[in-house]
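Reader: I should be grateful for a close look at a single part of this protein, followed by an account of how that part sits within the whole. Please proceed step by step.

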Amino acid sequence: MSMYIRAPLEDGPDVRTLEISVSGKLVEDDYKKLVERTDELIANHGKLNMIVELTDFHGWTAGAAWEDMKFGIEHFSHIERMALIGDSAWEKGMTLFIKPFTSAEVKYFDHNDSEAAYNWIHGDDY
């Protein structure tokens, strides 16, 4: 499993956008790292935008699924926009699953449309 979290530069134009790349199967420790970085950014900058890119994603372990649910509840109102970038129908369906757990505007984009995801997350209408 691999989760790569690219935190924004403190003085860059994307200071409020957290980028996450996920492949394989998520485990509980991945969420601990994500929560730590997310909490730090929220404390410093308020609400965030998130781009989550899923590549060869195989889901969650039971512990990771629980951490994912807790993350959604704890950060319900801290995320403004969330773009999911993936390549399968079930990943697209995740946007429907996520919506009750966040006040964020959530949109799905195929990998071949990732540029539109970045434009949308930064406020450009798609």
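**Helix α1 and its surroundings**

Author: The accessible surface of the protein comes to about 6900 Å², and carbon and sulfur atoms contribute 53% of it. The model is predicted, and the mean pLDDT of the protein is 81, with 83% of its residues at 70 or more. Buried residues make up 40% of the 126 residues.

The fold consists of 4 helices and 5 strands, which follow the pattern β-β-α-β-α-β-α-β-α along the sequence. Among contacts in the protein with a separation of 6 or more, 69% join residues 24 or more positions apart. Confidence varies among the elements: helix α3 (residues 89-98) has the lowest mean pLDDT, 69, whereas helix α4 (residues 114-121) has the highest, 91.

The part chosen for the close look is helix α1. Helix α1 covers residues 28-45, which makes 18 residues. From its first C-alpha to its last it reaches 26 Å, close to the 26 Å expected at 1.5 Å a residue.

The buried residues of α1 are Asp30, Tyr31, Leu34, Val35, Arg37, Thr38, Leu41 and Ile42. A general point helps in reading that list. An α-helix has 3.6 residues a turn, so residues three or four places apart point the same way.

Arg37 deserves separate mention as a member of helix α1. Arg37 counts as buried because its relative accessible area is 18%, and the cut-off for buried is under 20%. The side chain of Arg37 also makes a polar contact with the side chain of Glu40, at 2.2 Å.

Asn44 is likewise found in helix α1. Its relative accessibility is 47%, so Asn44 counts as partly exposed. Asn44 and Val15 are 29 residues apart in sequence, while their C-alpha atoms are 9.7 Å apart in space. Just after α1, Gly46 takes a positive phi of about 80°.

The backbone of another residue may be read alongside Gly46. Most residues other than glycine have a negative phi. Asp56 has a positive phi of about 50° although it is not a glycine, and Asp56 is placed in strand β3 (residues 48-60).

The aromatic rings complete the picture. A pair of aromatic rings is described by the distance of the centres and the angle of the planes. The count for this protein comes to 2 aromatic pairs. The pair of Phe57 and Trp60 is edge-to-face, because the ring centres are 5.3 Å apart and the planes stand at 90°. Phe57 is buried, with a relative accessible area of 5%, whereas Trp60 counts as partly exposed at 27% relative accessibility.

Phe109 and Trp120 form an aromatic pair that is tilted, with 6.0 Å from centre to centre and 45° between the planes. Phe109 lies in strand β5 (residues 105-110) and Trp120 in helix α4, so this pair ties together parts that are 11 residues apart in sequence. Both Phe109 and Trp120 are buried.

To return to the part in question: helix α1 spans 26 Å over its 18 residues, includes the buried Arg37 and the partly exposed Asn44, and is followed by Gly46 with its positive phi.

Notes. Residues numbered from 1 in each chain as written. Heavy atoms only, no water. Helix = DSSP H or I, 4+ residues; strand = E, 2+ residues; numbered from the N terminus. Expected span 1.5 Å × (residues − 1). Buried < 20%, exposed > 50% of the residue type's maximum accessible area, 1.4 Å probe, protein only. Polar contact = N/O pair within 3.5 Å; in protein donor to acceptor, adjacent residues only side chain to side chain. pLDDT = per-residue confidence, 0-100. Phe/Tyr/Trp six-rings, centres within 6.5 Å; stacked < 30°, edge-to-face > 60°. Contact = heavy atoms within 4.5 Å. Areas by Shrake-Rupley, 256 points an atom, 1.4 Å probe, with all protein chains shown as cover.
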